[in-house]
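Work through the following exercises with the coordinates open, and try each task before reading its solution.

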Amino acid sequence: QRIELRSSLLILSGHEVENGTLYPFYEFRHLTFQEYLTARAIVNGYYPDRKANDTLLGILNPHLVDERWKEVVPLVAVLAGRNAQPLIRCLIDLCKNSQYAVHEWESSPINLLSQCFLDEIQVSPALLEEGLGWIVRRTRGPSRIIPLLFRGKYGKILQKVIYDVYSNSDTDLFFSGSALAGITLDQIGWFEFQELTLQHLEKITSLLNSGDLTQKAAGTLTIMHVAFYYSRPKRKRIAAETKKLLQMLGDQLIPILYSDDSRCCFAACWAFAWLGEINGWIPTHKPEVIERLLEIWRDSQLADIQEAASWAISSLPIMERGTKSLPEPNQDLIDFIKQQSLSENEDKGSHRYKRKLLASLVIGFYLKKPWSDEELAQLVMPIVDREEAYWLWPPIKSFLKALGKAGEEQLTLINQKQ
């Protein structure tokens, strides 16, 4: 007790036996002290069994994916100054070789690298830009990491990197697009769980009307992000006035959907996808949007654009068949939607496949080919049978309702599952 009171930092956590004698065991009241002193010891070489050829990277390498070391690694990078360059190089290489994006709360090289930059480590300009580029490509959005970096010391450099990655890369468009949306929302002053206002709409409209294609894409992606936030469970029902604003924004997306610029086109498809998820834009008065989305889905050579277009088709509210605006179903079109509905070389559990299958069936519904209504109702059920696909139930229910009597049995099964 005397040790605890005098130090104010230590607390008795237990006892241990050494050579037959019972000794008290103390630890720091707060883990931060231990993490800081560990980082300081590594940088200054105050640790057992130290060797002359030890390096920071050599000591830390076994712990880079250890949750318990996630605060120590950035602290070492800060305390080491310029000597942290090999550590940053290693983190960048680990991010580059990763095949998936991560959430901000996961213990991973991408989040360690992000924290190092947030802590304003000393790093060469080339290494900084490369590292920020991989943060943009590997951070699953929406994420607080991107806005925090944007508001920090390296914000201007991050903005340039995001523009370059989104404009020039043929892959990772969902991740770089999310990053572009994140910094643009920060610039126009719209934050999570804030209501969309006429002032926000005016700022977004100004971006949509810009002659700069990156700014046009940025404005389009803000619509996507706003629609996404309205889809989150913590959101209350969308107010009627907000729905009017979303419908107005959706109408402004239509010319961008016809853009020759693939990045603008991708942004518009993704925005329509999330507007569809929240019923924020109804295509009845502009049925040609479905035809354009189908055209993009068929003609684009980029996988991310194909996915965004098929997702939009699957999520937008179903129209009556009489209001459709689709080409006559020639054999090439029929073969395309049949091929897209198949699962060969596809992960049946992936979001990409489920949305692609539903989009194929929606187009089949409008064309009345190559499946009957009864067949469409049966073909959609494998998605429903997978428990993790509950997020697709609303558009599937809408689809089955549109089938009328042919979809009644399947609709009842979904209601029972819910």
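**Exercise 1.** Locate proline 327 in this predicted model, and determine which residues distant in sequence are in contact with proline 327.

*Solution.* Begin with the secondary structure, where proline 327 is found in the loop between α16 and α17, the latter spanning residues 331-341. Next, take the contacts beyond four places in sequence, which are Glu291, Leu333 and Leu367. Finally, consider leucine 294, which is 33 residues away from proline 327 in sequence, while the C-alpha to C-alpha distance between them is 9.8 Å.

**Exercise 2.** Decide whether proline 327 and serine 315 count as buried, partly exposed or exposed.

*Solution.* The cut-offs needed are under 20% relative accessible area for buried and over 50% for exposed, with partly exposed in between. Proline 327 has a relative accessibility of 30%, so it counts as partly exposed. Serine 315, in helix α16 (residues 303-315), has a relative accessibility of 7% and therefore counts as buried.

**Exercise 3.** Trace the surroundings of serine 315 towards the largest nonpolar core.

*Solution.* First list the contacts of serine 315 beyond four places in sequence, namely Phe272, Ala273, Gly276 and Glu277. Then follow phenylalanine 272, whose own contacts beyond that sequence window include Ser315, Ala312 and Leu316, as well as Trp281, Val289 and Leu253. Turning to the core, the largest one has 134 residues, and Phe272 is among those with the most contacts inside it, together with Ile88, Phe117, Trp270 and Phe399. The helix that gives the most to this core is α14 (residues 262-277), with twelve residues.

Notes: Residues numbered from 1 in each chain as written. Predicted model: local features only at pLDDT ≥ 70, side-chain atom pairs only at ≥ 80, totals over all residues. Heavy atoms only, no water. Helix = DSSP H or I, 4+ residues; strand = E, 2+ residues; numbered from the N terminus. Buried < 20%, exposed > 50% of the residue type's maximum accessible area, 1.4 Å probe, protein only. Contact = heavy atoms within 4.5 Å. Core = buried A, V, L, I, M, F, W, Y, C linked by side-chain atoms within 4.5 Å.
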